[in-house]
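Thanks for making time this morning. I would like to walk through one chain with you, residue by residue in places, and then say how far I would trust it.

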Amino acid sequence: MSNRAHNHVTDLRGLGRMAIDATTGLTDLVEALQSRIARTPAALGGPLIEGAVHGISGLVYRSIRGVTRVVGGGIDAVLEQLSPLLGQMESPPAREALVAALNGVLGDYLAETRNPLAIEMSLRRGGRSLVLSRSALAAELGPAPARLLVLVHGLCLSDLQWRRDGHDHGTALARDLGGAAVYLHYNSGLHVSVNGRAFADHLEALAKAWPGDYDLLAHSMGGLVARSALHYGVASGHAWPKRLRKLVFLGTPHHGAPLERGGHWIETLLSVSGYSAPFVRLGRVRSAGITDLRHGCLLDEDWMGRSRFAHGLDARTPVPLPDGVASYAIAAHLGKHSDDLKEHLLGDGLVPIASALGHHVDPRLALGIPEERSWIAHQTGHLDLLCKPAVYAQLRAWLANRNPQGDAGAARTRTRGN
């Protein structure tokens, strides 16, 4: 069954569970704030009311949590019984976009609580999950093409959102260059390394069922997931990395994104004051996937055994690009020229140019993508990378060229774009 199939009761169950947890979480926040005030000096009403907080108020807060869980659990049990009776329906694109955004922000929580809204990873085409067997793929894709293109979306997006302003890079490349395109669909709120391991396993299953070589095209966080998958695929002795020929990054934050680092600093400042400290937990609602974007973490050891909200310097493990795979990077910025330092730092509004091109002052972290395989799009935002004609023209030129050594000639004629 396609993972686009759903019914409204399943959605209600998922939203209901979130509402229950949100109510209890808000109760925790209010209780923490009141308790914090109760421990302040008497002039601010501290010790004089502390007993009430830990007595009557504590009972009230426990009662709110208990009633919420009992009532919510009863509703969820009834909806669970009703859900199979109502059958399945195709998920419209608007719902797919909403669920993808929800997974990007809260995906780890949805997975941990087994919420029905949590996305399960799959390779899809036309929004429908592919069965990874030779006969099923032949029926879906036709005769085996010379090369298969696998596209990996970014944070808070879905495979359907590669289509923007009527254009889809995958569909257009398959049309113009031949072959076929398939799309990864995943919960972008999980740790990058968790998605990387799962993606490596999916690609191995695909390689066993489908002959030929592969190219990967990854947007934003998808590039980190692809790099993580390559690391774990090679470490596991998978066959598919040996059949991967080209890896193209679109606006990938290889060395992090300033907005996540900004959010981390806001969280740190909130924790300085005793009165604002309880509100830090609101900043910690954001998913593991988002916090991985602080520095561009790819591996389990970059986060296991550590608080992902703790302040600290970039301590991730260097992960070089694999040998035998031609890697390419497209960065973007919002200005007309890329010579201005401000434009380099702002980049496409989310990812600075240096991060997108894999540049780093530490040679252990620098990706070393050759200049002839790097390209910068002018007056282009992060999502515009999915639809700008100049971006597509560069992708087509790179992927059409079966000899990566010939990229230098193309780069001399088109090194920048609008």
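Let me begin with M221, which belongs to helix 7, the helix spanning residues 221–235. Please keep in mind throughout that what you see is a predicted model. M221 has a relative accessible area of 0%, and because buried means under 20%, it counts as buried. Leaving aside residues up to four places away in sequence, M221 touches H153, G154 and L155, then Y186, S188 and V192, and further along P253, G289, I290 and L293. For one of these partners, I290, there is also a C-alpha separation: 9.2 Å from M221, although the two lie 69 residues apart along the chain.

From there I would like to move to R316, which sits in the loop between helix 11, residues 288–292, and strand 11, residues 326–332. Is this arginine buried or exposed? Its relative accessibility is 10%, and R316 therefore counts as buried. What does the side chain of R316 reach? One partner is the backbone oxygen of H254, at 3.2 Å, and the side chain of R316 also makes a polar contact of 2.9 Å with the side chain of H255. Beyond four places in sequence, the residues that R316 touches are H254, H255, H295, G296, C297, D302, H360 and L365.

Strand 11, which closes that loop, brings me to S327, a residue of this strand. S327 is buried, with a relative accessible area of 4%, and its contacts beyond four places in sequence are with L247, F249, L321, I369 and R373.

A further buried position is L141, in helix 4, which covers residues 134–141. Its relative accessibility is 13%, so L141 falls in the buried class. L141 touches R125, L148, A180, V182 and W210, again without counting residues up to four places away. In the case of R125, the C-alpha atoms are 9.2 Å apart, with the two positions 16 residues apart in sequence numbering.

Now to two backbone details. C156, in the loop between strand 5, residues 147–152, and strand 6, residues 163–164, has a phi near 65 degrees, which is a positive value in a residue other than glycine. D165 also has a positive phi, of about 55 degrees, and is likewise not a glycine; its place is in the loop between strand 6 and strand 7. With a relative accessible area of 71%, D165 is exposed.

On helix packing, I have picked out one pair, helix 5, residues 169–177, and helix 14, residues 389–400, whose axes come within 11 Å and cross at roughly 45 degrees. That angle makes helix 5 oblique to helix 14, and the crossing is right-handed. On the helix 5 side the contact is made by H169, A172, L173, R175, D176 and L177, while helix 14 contributes V391, Y392, L395, R396, L399 and A400.

Stepping back to the chain as a whole, its secondary structure comes to 15 helices and 13 strands, and of its 418 residues 49% count as buried. Among the contacts with a separation of 6 or more, 79% are between residues 24 or more positions apart.

Finally, the matter of confidence. The mean pLDDT of the chain is 76, with 63% of its residues at 70 or more. Where is confidence lowest, and where is it highest? The lowest mean, 43, belongs to helix 2, residues 47–82, and the highest, 98, to strand 7, residues 167–168. There are also stretches where pLDDT stays under 50: one of them is residues 22–34, for which the model has 25 contacts beyond four places in sequence, and another is residues 409–415, with 7 such contacts. Where pLDDT is low, the predicted coordinates should not be read in detail. I would be glad to take questions now.

Notes:
Residues are numbered from 1 along each chain as its sequence is written. This is a predicted model: local features need pLDDT of at least 70, side-chain atom pairs count only at pLDDT 80 or more; totals for chains, interfaces and linings use all residues. Side-chain values use heavy atoms; hydrogens and water are left out. Helices (H or I, at least four residues) and strands (E, at least two) are DSSP runs, numbered from the N terminus. Buried means under 20% relative accessible area, exposed over 50%, partly exposed in between (1.4 Å probe, protein chains only). A polar contact is a pair of N or O atoms within 3.5 Å; within protein, one must be able to donate a hydrogen and the other to accept it, and residues adjacent in sequence count only if both atoms are side-chain atoms. Contact means heavy atoms within 4.5 Å. pLDDT is the predictor's confidence in each residue, from 0 to 100. Axes are lines fitted to C-alpha atoms, for helices over the stretch in contact, and angles run from 0 to 180 degrees between N-to-C directions. Angles under 35 degrees count as roughly parallel, over 145 as roughly antiparallel, 65 to 115 as roughly perpendicular and the rest as oblique. A crossing is left-handed if the near helix is turned anticlockwise from the far one by less than a right angle, and right-handed if clockwise.
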